[in-house]
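Please open the model in your viewer and keep the selection panel handy. We will go from the whole chain to single residues and back out again.

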Amino acid sequence: HHFNYPPRYCLLVAESAKGIRLQNVLARRGKMKRAINNALVRTRNGVNRLSRALIGSEATRKLLVVRYYQLKIAAHNAMRKKAANDIKSLMSWRTAMKCRIDFSSEVYRGNALYGLGRVLRNYCGVVDSPKACIEHGVHFGEYVNQSETDKSELPALFTLSPYRLEQIRKASSVPVCIVGPYIAYSKDYLDNKSIEAIRDRLGKTILAIPSHSVRGGTVSYDYKDFINEIRRVKNAINAQTILVMLYYQDILNGDAAIFEDAGFVVVTCGYREDCHFLERQRTLIKLADFTMSNSIGTHVGYCVYMGKPHYSFKQWYEYDIVLHSEKDTAKAQGELFEQEVVRDAFSSCEEAITEQQLSICKKYWGFDYVKSKEEMRLILDMCSKAYAAPPCARQSRLRTELEKHENEKIRQLFCC
């Protein structure tokens, strides 16, 4: 008041200064969290490198990692109940997150994520876990996880499409089996009667799939903007219900309240280590009439494979850690370019899957390469036979077995 400014102006200045101070505090906290998360990622990468140096066999190291997670999840499951595989455990994220994690013991921890190993063997009636590395989903660009290729000490690598094989071949000669989208092999979480009962109750439904956080890192985007876009699409197609499928990490981060406050129904596929993850995802997609997201990932091809139109809302998002620091700049740029190609194909809100979208999904997700039960059984059997060889000779054993095999059909199941 010393300069005779009106009180309201002084209040606005004070509030503005308070807001700036708050923004600065939040910015400093964000930088600190980012630094901590990046330090944790570097530590984890360092531990992995050290374990590879100390443990002579990569196959043994993989089995020890699986054993570690078995013990970790057993501790998590203490005092928790097994999921009932009912409507409540699918449609209530609170129920799903309280249930035990049903962890599938595999020869490689990556095969246990999302229940992929269990899904493939259950599909064809095989008891033993797949003796191969399974890429966890769609990949864009030339990045290849070296722990899954020539030095994996497992007979083969499973991937989605011939296009992905081309990228793998630039980095590795590992035997590859192209199997198409994994969701094709999964059963539903609920029976058809329960699914139809839910669909009748929900009416015309949109399944929204937000960008998700990762282990040790949180995703950031404009929630309000995405919520407004979901509402716009709801009005445009006259939908009655909005399901928002949140990743378990974002449930733990408290994001469910944001979407519930907007009047949406929040659901989840559970922890990524749960072998029922893909079953839940398949069933939630099946419940929808239309799907949408704000990022490009494996879910896009899964929705299209299930016959559900998909819309990708172009929205900026970032993570508070450096993802895939082992990628060089050229590979990272190639990945972004391919993602943009897919995003452009799904950038309009259409209630029917277009020929362009289907063509892109065939390219990246390998729709035309889904295997029959007999073919998958033969693939897993060949990998199991090769696994009996010493770890460093398993891939060469598979090649030898395929070369001398009389059945041309079996030889064509692998790309060596």
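The stops below each give something to select and then what is there.

**Before you click.** This is a predicted model, in which local features need pLDDT of at least 70 and side-chain atom pairs count only at pLDDT 80 or more, while totals for chains, interfaces and linings use all residues. Residues are numbered from 1 along each chain as its sequence is written, and side-chain values use heavy atoms, with hydrogens and water left out.

**Stop 1: the whole protein.** Colour by secondary structure and you will find 18 helices and 10 strands. Helices (H or I, at least four residues) and strands (E, at least two) are DSSP runs, numbered from the N terminus. Of the 416 residues, 51% are buried; buried means under 20% relative accessible area, exposed over 50%, and partly exposed in between, with a 1.4 Å probe and protein chains only. Take the contacts (heavy atoms within 4.5 Å) between residues at least 6 apart in sequence: 69% of them join residues at least 24 apart.

**Stop 2: helix α16.** Select residues 373-387. These 15 residues span 21 Å from first C-alpha to last, close to the expected 21 Å, where the expected span is 1.5 Å times one less than the number of residues. Now show the side chains of Glu375, Met376, Ile379, Leu380, Met382, Cys383, Ala386 and Tyr387, which are buried. Look down the axis of α16: its buried residues fall within an arc of 155 degrees, so they line one face of the helix. That arc is taken from the directions from the helix axis to the C-beta atoms. To see what covers these residues, add α2 (58-77), α6 (116-124) and α17 (394-403), which are among the covering elements. β2 (157-159) and β3 (176-178) also belong to that cover.

**Stop 3: Cys383.** Stay on α16 and centre on Cys383, buried at 1% relative accessibility. A disulfide is a pair of cysteine sulfur atoms within 2.5 Å, and by this rule the count is zero. Cys383 is in no disulfide, and its nearest cysteine sulfur, that of Cys177, sits 6.9 Å away.

**Stop 4: the sheet β1-β2-β3.** Select these three strands, which form an open sheet in that order with parallel pairing. Strands pair if DSSP finds at least two bridges between them. At the edges are β1 (133-134) and β3, each pairing on one side only. Two bridges join β1 to β2, and Cys133 has Leu157 in β2 as its bridge partner. Cys133 is buried, with a relative accessible area of 0%.

**Stop 5: Ser161.** Move on to the loop between β2 and α7 (162-169), where Ser161 lies. Is Ser161 buried or exposed? At 0% relative accessibility, Ser161 counts as buried. Its side chain reaches the backbone oxygen of Lys363 at 3.1 Å and that of Tyr364 at 3.4 Å. Leaving out residues up to four places away in sequence, Ser161 touches Ile178, Lys363, Tyr364, Trp365 and Gly366.

**Stop 6: strand β8.** Finally, select residues 290-293. Phe290 and Met292 point one way, Thr291 and Ser293 the other way, and all are buried. Which strands does β8 pair with? Four bridges join β8 to β4 (residues 205-209) in parallel, with Ile206 partnered to Phe290. Three more parallel bridges pair β8 with β9 (residues 310-312), where the partner of Met292 is Tyr311.

Terms used: Polar contact = N/O pair within 3.5 Å; in protein donor to acceptor, adjacent residues only side chain to side chain.
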